[in-house]
Each structure stands twice: as structure tokens, then as C-alpha cells.
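Here's a walk through the structure for anyone who'd rather look than scroll through tables. Keep the viewer open as you read.

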Amino acid sequence: MSDTIDNPMVMKCVAYQNGVSIGDVTIEDISEVLQRDHTFVWLGLREANHELLAKIQEEFGLHDLAIEDACAAHQRPKIEEYGDSLFIVLHTAHLAGGRVEFGETHFFLGSHFLVTIRHGYSSSHSKVRERCEAMPQKLAKGPGFALYAIMDFIVDNYVPVINGLQARFDMLESAIFQHRPSLQTMEDLYELKRELLLLEGAISPVLDICNELMRLHNTVIPKEGRVYFRDIADHVKRIDRTIHGMREMLVAAMQVHLTFETVRQNEVVKRLAGWGAILAIPTMVFSWYGMNFRHMPELDWQYSYPVVVGGVALGSLLLYLRLKRTGWL
């Protein structure tokens, strides 16, 4: 064993016996430590390269396909069984500048080991490890409890993300009702809808993963540890319902936005039509006088000009008042 880990991609590698830490472990010593009774190794990695993963594969006896998936990020959330070990992928999320950014955490789980590999943004698991080490009686259940602790940590971190998206939606909803509809508001609504869909795609598969961990894989998840994954499944269901409700409200807000825009356009059309009707009166009269007929009795009358102008003004005023009363102007 060693007290320090020099590789910067290795966050922490600790051996636990009966739930109590017995010290840090070097990568080269892992296979020897795994042979001890009532002992498991918890290894945390970040952005591990091919060379390091090859060593991990040799020490833990991992499957080639699982290592291939772990080398390449951008995996979908899933759980796969390879012999006596499991390979699990979860997506992480956090808010950065009001926008959602995603990362991935890969798990290798066996009866005597847990390996986590973080890709992209993902919060450190150091506090999760500290909480688990403070509960040696539960950690003595094996790596399945450590898996539960990290999965619960990832699911709990979805909550502030959803709260941030809810705050953005409330601001957009206020903008719809308090200000005129705008193209920017509609773009923000579509962007929020896109992020909700991505978040839903990251969260929904976790329920299937928990259900499988509760029903299968007895060799790595003991019967007494399955209740913990049921707790995660309950959290995921609540979050999923919240997202579903936000999506419905978002669709309704987009429809209201479009309705307000249609109403505004109708008001503009009504005003243009009203002024067009008013201008039709002088247009008709002036076009009449512009026909240049040779015999027009009105041209010989000395009061014809003021009468015509007054008539046009009076007709236009009466039509204006009529349209104003009906709400067209």
C-alpha cells in the first residue's frame, strides 16, 4: 500500500475492510488487495486515458467492451452486465450562467470493487466518500452501498438544476404577460424546452437502472442493499413529474405567446383598416373633383370649396368617432 497517489487522473483509491478504510492503494497493488476477505476497493478516476484504463482492466479483470465504452464519453445512460461485474453510465448536470451543462459518470461495479470515471463536468465525490466512511456499518455491506451513495448524490444535484430552470421559466412567463411578445422571448422559450428535453433524457433512464439493480445482480447488490436504490427511484419519479409539469406549462406559455402576437397583429390590422376607411372619404371626393368634367355646377358656386372641405372633415370625424367607439382605433 501507499499513502499517496501520483497519477493526476486518480482522484482516490482506498481499500475498505469491514467498512473501515485500511489505507490508500496503488494501481499495481489492487489485484492483491482484492484477494483479502471482507475487503473491497473504491477507485475514483477523472478523464482517464487509454493507458490508465488498460491498467485498471488488468487489475480488476474488466471486459474489453466495457473499457471501450469508458474510454469514449458521450454514452447514453445505461446498465450492462459483463460476467461478474456491471458497467453503469449516468449523466450529471449543473447550471453555468443560467444554462445547463452535462457530464458523465461511468461505474464499474463488482463484488469487491467500485470504480468511478468522471467525464466532463461532474462534482467531486470526496464528500460522498467522507459520508460513507462515517457510516462503516453501512459501508461494510460492500461496494453496492458506495454505488448507491454516488447515484443518490448525482440525482440530488438534479434538483438545483430544475429549480434554476423553473426560475428562468417564471421570468419568461412574466415577460409574456407584462411586456409585448418578442422574438427573443420565443427563442428563450424554445431553448428552455430543449434543455428540459435533454435533462429528461438524462434522468428517465435512471429509473430503469434502479429497477434492474433492485431485481437482478445478486452477486454485486445484496438483498439488504436493494432498498436504497428504491429510494433513488422515488426521487427520480418526483423529479420526472416536475419536469413533465414544467414541459406542459412551457407548451402553454408558448401558445399564449403566439396568441398574444396574433392578437397584437389583429389590432394593427384593425387600426390600418380604420384609418383606410377614414381616408376613403376625402379620396373619393378629391378623385371626383379631379375628373375634370367640363360641366360641374359645383365649380361655379362661390361656397362650394368650404362646403366640400367641411363635408369631408365632418364625414371623416364622424367615422373616426364611430371606429373609436367600437375599439378599432
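**A guided look around**

Let's start with H38, which counts as exposed because its relative accessibility is 62%. You'll find H38 in the loop between α1 (30-33) and β3. Its backbone is a bit unusual to look at: phi of H38 is near 55°, a positive value in a residue other than glycine. Now follow the chain to E47, found in the loop between β3 and α2 (50-60). E47 also has a positive phi, near 50°, and isn't a glycine either. With a relative accessible area of 40%, E47 is partly exposed.

Before going further, a word on trust. This is a predicted model, with a mean pLDDT of 82 for the protein and 91% of the residues scoring at least 70. Confidence is highest in helix α6 (residues 143-156), at a mean of 92, and lowest in α10, at 75. Where pLDDT is low, the predicted coordinates should not be read in detail.

Next, the salt bridges, seven in total. Take D24 and K12, whose side chains meet in one of them, at 3.9 Å from N to O. D24 sits in strand β2 (residues 20-24) and K12 in strand β1 (residues 10-17), so to speak two partners 12 residues apart. D24 counts as buried because its relative accessibility, 15%, is under the 20% cut-off. K12, at 34%, is partly exposed.

Which residues join E80 in a network of salt bridges? They are D69 and K78. Within that network, the closest N and O atoms of E80 and K78 are 3.4 Å apart. K78 counts as buried, with a relative accessibility of 8%.

Another salt bridge pairs E195 with R99, and here the closest N and O atoms are 3.8 Å apart. E195 belongs to helix α8 (residues 183-215) and R99 to strand β6 (residues 99-110), so this pair ties together parts that are 96 residues apart in sequence. E195 is buried, at 2% relative accessibility, while R99 is partly exposed, at 33%.

Now for the empty space. Rolling a probe the size of a water molecule over the atoms shows where empty space is left. The largest pocket holds about 230 Å³ of space. Its lining is made of 17 residues, and those nearest the centre are S111, A140, K141, G142 and P143. Two elements, β3 (39-46) and α6, give two or more residues to the lining of this pocket.

Moving on to helix α9 (residues 226-289), look for G276. G276 is partly exposed, with a relative accessible area of 38%. To get a feel for distances in the model, compare G276 with L183: they're 93 residues apart along the chain, and their C-alpha atoms are separated by 29 Å.

Last stop: helix α10 (residues 304-325), where L318 is placed. Is L318 buried or exposed? L318 counts as exposed because its relative accessibility is 52%, and the cut-off for that is over 50%. L318 has company, too: together with L314, L317 and L321 it forms a nonpolar patch on the surface, with about 370 Å² of accessible area in all. Keep in mind that α10 is where confidence is lowest, at a mean of 75.

Technical notes: Residues are numbered from 1 along each chain as its sequence is written. This is a predicted model: local features need pLDDT of at least 70, side-chain atom pairs count only at pLDDT 80 or more; totals for chains, interfaces and linings use all residues. Side-chain values use heavy atoms; hydrogens and water are left out. Patches are made of residues with over 30% relative accessible area and no salt bridge: like charges are joined within 9 Å, nonpolar side chains (Val, Leu, Ile, Met, Phe, Trp, Tyr) within 5 Å. Accessible areas come from the Shrake-Rupley method with a 1.4 Å probe; for residues, only the protein chains shown count as cover. A salt bridge is a side-chain nitrogen of Lys or Arg within 4 Å of a carboxyl oxygen of Asp or Glu. Helices (H or I, at least four residues) and strands (E, at least two) are DSSP runs, numbered from the N terminus. Buried means under 20% relative accessible area, exposed over 50%, partly exposed in between (1.4 Å probe, protein chains only). pLDDT is the predictor's confidence in each residue, from 0 to 100. On a 1 Å grid over the protein atoms alone, a cavity is a set of points where a 1.4 Å probe fits but cannot get out, and a pocket is an open set with protein on both sides within 12 Å along at least five of seven lines; lining residues have an atom within 4 Å of a point. Grid points are joined across faces, edges and corners, and a volume is the space filled by probe spheres set on the points.
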